[in-house]
Structures are given as C-alpha cells and as structure tokens.
Amino acid sequence: MSQQIITRFPPSPTGYLHLGGARTAIFNWLYARHTGGRFVLRIEDTDVARSTKESVDAIFEALEWLGIDWDEGPYFQSERLDIYKAHIDRLIENGHAYYCTCSPDAVDRMREAAKARGDKPRYDGTCREKNLPWTKDAVVRFKSPLAGNTVVEDVIRGDIAFSNTELDDFIIARSDGSPMYNLAVVVDDITMNINTIIRGDDHISNTPKQILLYQALGATVPDFGHVPMVLGPDKSRLSKRHGAMSVTAYREMGFHPDAMVNFLVRLGWSHGDQEFFTRDELIEKFNLEHIGRSAGVFNPEKLLALNAEHIRNASPASLALHLMPFLQAKGISAAEDAYLHGVIETLQPRSKTFVEMADGAGFYFVEKPVYDEKAAAKFLKPDLLVPMKQLTDAVSAMEAFTEKDLEDIFKQVMETSGLGFGKIAQPVRVALTGKTVSPGIFEMMLALGREKVVSRLRDAVAHMAQNSG
RNA sequence: GGCCCCAUCGUCUAGCGGUUUAGGACGCCGGCCUCUCACGCCGGUAACACGGGUUCGAAUCCCGUUGGGGUCACCA
C-alpha cells in the first residue's frame, strides 16, 4: 500500500500573501488534491515581534479567494511551544544539541574575525564540548557533524550535496526558550506527518540543516521539491516596487481567482502546450515532474489575457458572484437573477476584468441612459426620425420578442428607408446605451427586454424630434 | 566573498540524442470577419548565452566561461 501524500503550506504572518507564496500554496494544494492526499495549513508565528493577527486574517482571506481549502489546521506554532521544548530537550539529552552561553556580541566578533581571515562567518564551537547546564541567557545549538556530506534528494532538481563543514552549530532555541525556524518546521513536519515539502528555492540552503535535524530526531526525511522563485519584470526578486504583490490586490483589480490560479501554476509548470486550465483540469493534470527549474518573470499582460479567457469561458451564473461587489462599488444594485445573467453574457467577450465588466454593465441598470454628447449629436439627428420611429413602433408591436423577429424589423426599416444596417444600428445603440460602443445590437436588446428597449427608443425619438427644431 | 541553484523568442514555455527549416501562448505588426467595441480566424516578427568536448548525429549528455538568482541571523 502506497502512503498518502501529505503536503503543507506554512506562511509566516508578517504581511499579506504575495504571489510567490500563493504559488507554493497552490502547488502543494494541487499535489495533495491530485494524489488524493491531504493538505495542511500551518501558521509560523514564532517570531512574536513580526507576526500579526491582521496578517493571519489576510492570508486566510487570500487563500479563500483563491479557492484553496485545507484538510487540517490551521495550526499555530505559537500554540505548540511545549512540543518544541520537548524535542529540544530530547536533542540535548541524546547529545545532538547543547547549551551555549556565548553572548551575541561574542558571536559577532568571531564572525568578524572569520570574515577577516577570508573564512565563512560562523559560530566557532566554543561551547560545543563544554556540556554546559541551562542558564538564563543560554541558547541551544545543534551539534552539526564536522565532516561528511548531507545530500538533498530534491524531487525536481535531483541530488544536491552540501559539505557538512559548511554548516555551523546553528541555534535551535533562543535564550527565552522559544524555537528557531529550522527546529520548529522540522518538529511540525514530523508530528504532522508531512511527507512532501514543496517550497521556494530560497529554502534550499536550509534543507541540509533540516535533514540533519530529522536524522537526529530519528525521523524519516520527507521528499523535498524546491520550486524556482517568481521574479519581477526586471528579473529581480519580486518586491513592492514591482507594483501589486498581494494576491488580494488582484481580486480588487477584477481578476477571476481561477485565472489567477491558472496563471500562477503555469508560471513554472507546464502540460505540453496547454495554456488554459480549469480548476478541475489542474487537479487532474498537475504533477511534480513538469515543474521547471528556472525562475519565472511575472507577466501581468499574460495574466490579463488569461483572465479574459476565463471570463469568456465561465458560466454567467458563476461570474455573477464575482461581479456583484464591483457592481455595488459603482452604486449599481443588481439582483442575482436571469436579467443579470443575460447582461453578463453580452459582456463576457468584451471584458478582460470584472472592473471592465461592471463598467460595461452600467447602462443596463439605469432608468434612462445618459447620452454621450458627441454620440447623440452625431447619431440622434432629426434626419433619422422617420426610420427610428418606424422601428420603435414595430418593436412595441412585436408579438414575440425574439432575435429573429428583431432582425426582420430591422430589415423592413432598412428597406423602407433605403439605409444600410450600420446607419440604423448606431442610432439604436446610442438610444439604448447612450454610447457608441456596446455589445451587439440584438443580443443587447434581448438582454434589456422589450420594455426597456421600447421606452429607450421612444426617448430617443423624442430627443430627435425635439432637436429637429 | 564561500556555498548552492539556474540559463530556448521581449515574457511564460514545449523540447527529455535523430520525426526540428526549434513548436505553442502573451505582446507587437499586418489582414479577414463585422452593426460599434470586442470575440474569432489567417499571416508575420522573434530564441537554443559563449567555448570546448562525448557521439555517425546535440537545444537535448559532460566540462569550463560568462551572466542571473538564492543563501550565509537569538527572521521565517
């Protein structure tokens, strides 16, 4: 029986969830879902000074928006201090760790000295063999092996060997007894049965230390997979100066979470030439074998194009949920009904974001469209009064309000007036929307419904008559 | 600086020794479609960082160079 894959996402709540973090969360979540495994959420808040409740909430909010759910947790490291303490004590007892009373200043000095000699700045092992007892200012250090190699068997990069001489006796517990990152992660991953760790490659140099900790604790080393980082357009690490970094900022800009997920996954993972993936397709096809090894540049234009494609392909009903907040932000109170769905359908092919869609939806929800001055001057001129009136009367007299019948009416008007379709459509467009740009005439009329169409046409006719002097 | 990672069009990438005149996508540039704007469709632009090997044959394997990135905390 093969064991179930158990992955995790362990953000530290020191800010919002950024794009890189979101991507590793998605990778882990996807891998768990793909394999029928479990996905654990853990908040790494051992750094009390930098961790905030706001950040925790922001992370939950971002994950929820992305549609990433977890099977276990959230665990908080701050609530697991006793567990770390027990493991630290065990390491001291079995000789894998020791108390060190060297002051921070003293350690700084040895680092400076080592640097001056051209060596790697590191702790020199002063207290390593002293077998010191606990004292108030003592930290606990891990006793790293002095020779040999530790190799990371990375599932996406292959074996990476580190000489143990590169590692110094790193601190695993602060003088106040709280655990340091490497210790806490390893203890958590052991006790939570995590067997697959997918994370950013900025963690790669931590990995040998963690492997040593696993071994010292007598635990099975999990599979590690280090994914490349997400870079800004200038190919440097993504940071604030590159603009929006926070995942939720993209929600505000009108992006569809599925597009965001699709984009982030495709940045570093591939399935042949396929670019567009639904959520289910991703779960079905995602694997570790096709994760790339080189860093990727975040490309907002591609995200935008992908977003437009997701909007085009989604059902109006599912889009309605996402669109609602943007409508409200514009003061539009729309009900979640068939009318809204019809409106959305006409807007789908011409909206790259929900912001654009909400902008385009405005005229559907007003009592009377506001005429754009230039548009009205150009198209609602008296010379079209007759055909427009004919059209209006015909529409109001229609038996069934169908596209076919509307087309017939237009044909009749074209015949009697001798005008081309465009000559008539443009004034109708202005009458219905107030603008010269809109969805197609017939689909729009159908979405608006006969009542609104007739009343707007009548208003336009009145406007034209009034201006005929 | 030590250690580690990486290297195909501007960007995301396919390619896992021969089927490649290196494919797709975004962007950009033409054109078609057309009731506006879009969508869609057709075409074009553009890359294997460099140098050595290995091999009958290399974008694909090895080494080096160069260039980028990461990491060296009582942060995570």
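Over the face of which residue does Arg-80 lie? In this predicted model, Arg-80 lies over the face of Tyr-75, at 5.6 Å from the ring centre. The legends below take up this view and several others.

**View 1. Charged side chains over the rings of Tyr-75 and Tyr-339.** The close-up shows Arg-80 over the face of Tyr-75, with 5.6 Å to the ring centre. In the second example, the charged end of Lys-452 sits over the ring of Tyr-339, at 4.5 Å from the centre of that ring.

**View 2. The protein surface near RNA strand B, to which 60 residues belong.** The closest of the residues that surround the strand are Arg-157, Arg-174, Glu-275, Arg-350 and Arg-429. Of the atoms of RNA strand B that come within 4 Å of the protein, 71% belong to sugar and phosphate. Sorted by class, this surface has 23 charged, 20 nonpolar and 17 polar residues. At least two residues each are supplied by α4 (104–116), β7 (158–163), β12 (296–297), α10 (300–313) and α17 (421–433), and it is α17 that gives the most, with five residues.

**View 3. Polar approaches of Arg-50, Arg-237 and Arg-266 to RNA strand B.** A polar side-chain atom of Arg-50 lies 2.8 Å from a sugar or linking oxygen of the strand, and for Arg-266 the distance from a polar side-chain atom to a sugar or linking oxygen is 2.6 Å. In the case of Arg-237, an N or O atom of the side chain is 2.9 Å from a phosphate oxygen of RNA strand B.

**View 4. A salt bridge between Glu-61 and Arg-251, with the closest N and O atoms 2.5 Å apart.** This pair links distant parts of the chain, since Glu-61 lies in helix α2 (residues 53–66) and Arg-251 in helix α7 (residues 247–252), 190 residues apart. Glu-61 is partly exposed, with a relative accessible area of 35%, and Arg-251 is also partly exposed, with a value of 24%. The structure holds 30 salt bridges.

**View 5. A salt bridge between Glu-129 and Lys-143, whose closest N and O atoms are 3.9 Å apart.** Glu-129 lies in the loop between α4 and β5 (139–142), and Lys-143 in the loop between β5 and β6 (149–154), so the pair ties together parts that are 14 residues apart in sequence. Glu-129 is exposed, at 61% relative accessible area, whereas Lys-143 counts as partly exposed at 23%.

**View 6. A salt bridge within helix α15 (residues 385–396), formed by Lys-389 and Asp-393.** The closest N and O atoms of Lys-389 and Asp-393 are 3.5 Å apart, and the two residues are separated by four residues in sequence, about one turn of the helix. Lys-389 is partly exposed, with a relative accessible area of 44%, and Asp-393 is partly exposed as well, with 38%. Elsewhere, salt bridges that share partners join Arg-8, Arg-42, Glu-44, Arg-80, Asp-188 and Asp-189 into one network.

**View 7. Aromatic rings, of which the structure has 15 pairs.** Phe-263 and Phe-298 form an edge-to-face pair, with 5.4 Å from centre to centre and 90° between the planes. Phe-263 in helix α8 (residues 257–266) and Phe-298 in the loop between β12 and α10 are 35 residues apart, and the pair thus links distant parts of the chain. Phe-263 counts as buried at 5% relative accessibility, as does Phe-298 at 7%. One aromatic cluster is formed by Phe-27, Trp-269, Phe-277 and Phe-286.

Terms used:
Residues are numbered from 1 along each chain as its sequence is written. Chains are lettered from A and ligands numbered from 1 in the order in which they are written. This is a predicted model: local features need pLDDT of at least 70, side-chain atom pairs count only at pLDDT 80 or more; totals for chains, interfaces and linings use all residues. Side-chain values use heavy atoms; hydrogens and water are left out. A residue is near a molecule or strand if one of its heavy atoms lies within 4 Å of it. A polar contact is a pair of N or O atoms within 3.5 Å; within protein, one must be able to donate a hydrogen and the other to accept it, and residues adjacent in sequence count only if both atoms are side-chain atoms. Ala, Val, Leu, Ile, Met, Phe, Trp, Tyr, Cys and Pro count as nonpolar, Asp, Glu, Lys and Arg as charged, and the others, Gly among them, as polar. A salt bridge is a side-chain nitrogen of Lys or Arg within 4 Å of a carboxyl oxygen of Asp or Glu. Buried means under 20% relative accessible area, exposed over 50%, partly exposed in between (1.4 Å probe, protein chains only). Rings of Phe, Tyr and Trp (its six-membered ring) pair if their centres lie within 6.5 Å; planes under 30 degrees apart count as stacked, over 60 as edge-to-face and the rest as tilted. A charge sits over a ring if NZ of Lys or CZ of Arg is within 6 Å of the ring centre and within 35 degrees of the ring normal.
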